[in-house]
Amino acid sequence: MTDKITYGILPLYKTFIMQTRIGDENVVLLNKYLDSLMTSKKRKSHAHTLVGQIRRRKESQQLLMDYQHPDCMVFKNICLTVSYEYMKKFYEMTVRQPTEDRVPQIDEMWSVHSFEGDYNTIHTHGCKTLMGLSIVAWTKVPQQIADLPAQGSLKNASGANDGFLGFVVGDGDVHDAERLKFSGYTPVKPEAGVMYVFPSWVQHVVWPFFGEGERRSIATNVNMFPFSGLSPEDQARYTEHKKKFGQDAWGK
């Protein structure tokens with residue numbers, strides 16, 4: 001008889017969020033582009049398609065971005081690369097094989113320029129493909145948000161989640177840990193240069209903040225087209241691209 005106990009774990013989580021950094025140089029390039037876009041007479045509001053309540057100041061805006069602009073190209077390619085990596089990691093974690101190769105393509109990209117009191121109600125994103133990914137990154141974060149702890153207590157009206165992004169994949173309660181229950185709510189502290197990738201069906205919310213400064217974020221949706229759904233020309237272009245570079249930096 002042995003006194004050793006062996007065991008296995010069968011995870012029951014619904015999804016995961018991928019985090020990466022876009023680099024300080026890209027933050028500078030993106031802010032340069034967005035500074036110009038905010039005051040351009042040719043800028044296009046994207047507010048009519050979004051649920052963000054970005055309206056507290058005249059500078060509060062949600063703007064459609066030209067992701068083919070030279071200052072946005074590196075960021076666009078990062079989005080495509082991490083989207084493909086997310087898909088691969090999903091299949092690794094679920095011990096499954098994809099039915100066929102998927103080709104990531106940007107659906108649309110927009111910026112959100114939030115100021116005191118601006119917020120996003122709980123929502124999901126839409127893609128043209130059933131398998132779709134969404135991405136958010138920050139290029140400016142007010143100091144009062146940067147000074148908050150990543151995981152602070154909400155008691156005593158602390159404001160610990162002011163300006164935070166929150167992912168919602170189920171119900172959540174302050175007693176979850178005591179009941180050995182994974183919380184369905186995960187708050188994320190914004191940080192300039194940080195990017196998060198998540199399935200487009202994941203609900204999320206952005207809480208308001210108070211005080212001076214701009215919380216500037218970029219969001220994009222990525223379609224994951226099946227290889228068989230591409231035109232013959234795009235199939236040939238994608239096959240040639242993979243021979244040279246792998247899947248990295250594939251786009252329209």
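This is a short tour of a predicted model, one selection at a time.

**Stop 1: helix H2**

Start by selecting residues 73-93, which make up helix H2. You should see 21 residues here, and at 1.5 Å a residue they should span 30 Å. Put a distance between the C-alpha atoms at the two ends and you get 30 Å, so the helix agrees with the expected span.

Now colour the buried residues of H2: Phe75, Lys76, Ile78, Cys79, Leu80, Thr81, Val82, Ser83, Tyr84, Tyr86, Met87 and Tyr91. Pick Ser83 out of that set; this serine sits in helix H2. Its relative accessible area is 0%, so Ser83 counts as buried. Which residues does Ser83 touch, leaving aside those up to four places away in sequence? Show Pro104, Leu133, Ile135, Val222 and Met224, and you have them. Before you move on, click on Val95, which follows H2 and has a positive phi, near 55°.

**Stop 2: strand S9 and its partners**

Next, select residues 194-199, strand S9. How many of the 6 residues of S9 are buried? The count is 6 of 6, so this strand is mostly covered. Turn the view to look at one side, where you'll find Val194, Tyr196 and Phe198. On the other side are Met195, Val197 and Pro199, and both faces of S9 are covered.

Bring in strand S1, residues 18-21. S1 and S9 pair in the antiparallel sense, with 4 bridges between them. To see one pairing up close, show Met18 together with Val197, its bridge partner in S9.

Then add strand S6, residues 132-140. S6 is also joined to S9, running antiparallel over 5 bridges. Here, a pair to look at is Val136 and its bridge partner in S9, Tyr196.

**Stop 3: Ser200, just past S9**

Step along to Ser200, in the loop between strand S9 and strand S10 (203-206). Is Ser200 buried or exposed? Its relative accessibility is 5%, and under 20% means buried, so Ser200 counts as buried. Display what surrounds it: Ser200 touches Thr124, His125, Cys127, Gly132, Leu133, Ser134 and Asn221, not counting residues up to four places away in sequence. Leu133 may ring a bell, as Ser83 back in the helix touches Leu133 too.

**Stop 4: an open sheet**

Time for a wider view. Select S2, S5, S10, S7 and S8, and you have an open sheet of 5 strands in the order S2-S5-S10-S7-S8, with antiparallel pairing. The edges are strand S2 (52-53) and strand S8 (185-188), each of which pairs on one side only. Strands of a sheet pair through backbone hydrogen bonds, so those are worth switching on in your viewer.

Zoom in on the S2 edge. S2 and strand S5 (residues 119-123) run antiparallel and are joined by 2 bridges. Show Gln53 and you can find its bridge partner in S5, Tyr119.

**Stop 5: loops around S7**

Select the loop between helix H3 (143-146) and strand S7 (165-168), and pick Ala160 in it. With a relative accessible area of 4%, Ala160 is buried. Ala160 touches Leu148, Gly152, Ser153 and Leu154, again not counting residues up to four places away in sequence. Now add Lys189: Ala160 and Lys189 are 29 residues apart in sequence, and their C-alpha atoms are 9.6 Å apart in space.

Stay in the loop between H3 and S7 and click on Ala157. At a relative accessible area of 78%, Ala157 is exposed. Its phi is positive, about 50°, although Ala157 is not a glycine.

For another positive phi, go to the loop between S7 and S8 and select Leu180. Leu180 has a phi near 55°, and this residue is not a glycine either. Its relative accessibility is 81%, so Leu180 counts as exposed.

**Last stop: the largest pocket**

Finish with the largest pocket, which has a volume of about 600 Å³. Which residues lie nearest its centre? Select Tyr13, Thr15, Val169, Phe182 and Ser183, which belong to a lining of 18 residues. Colour the lining by residue type and you'll get 10 nonpolar, 5 polar and 3 charged residues.

Note on methods: Residues numbered from 1 in each chain as written. Predicted model: local features only at pLDDT ≥ 70, side-chain atom pairs only at ≥ 80, totals over all residues. Heavy atoms only, no water. Buried < 20%, exposed > 50% of the residue type's maximum accessible area, 1.4 Å probe, protein only. Contact = heavy atoms within 4.5 Å. Pairing = 2+ DSSP bridges. 1 Å grid on protein atoms, 1.4 Å probe; cavity = no way out; pocket = protein on both sides within 12 Å on 5 of 7 lines; lining within 4 Å. Points joined across faces, edges and corners; volume = space filled by probe spheres on them. Nonpolar A, V, L, I, M, F, W, Y, C, P; charged D, E, K, R; others polar. Expected span 1.5 Å × (residues − 1).
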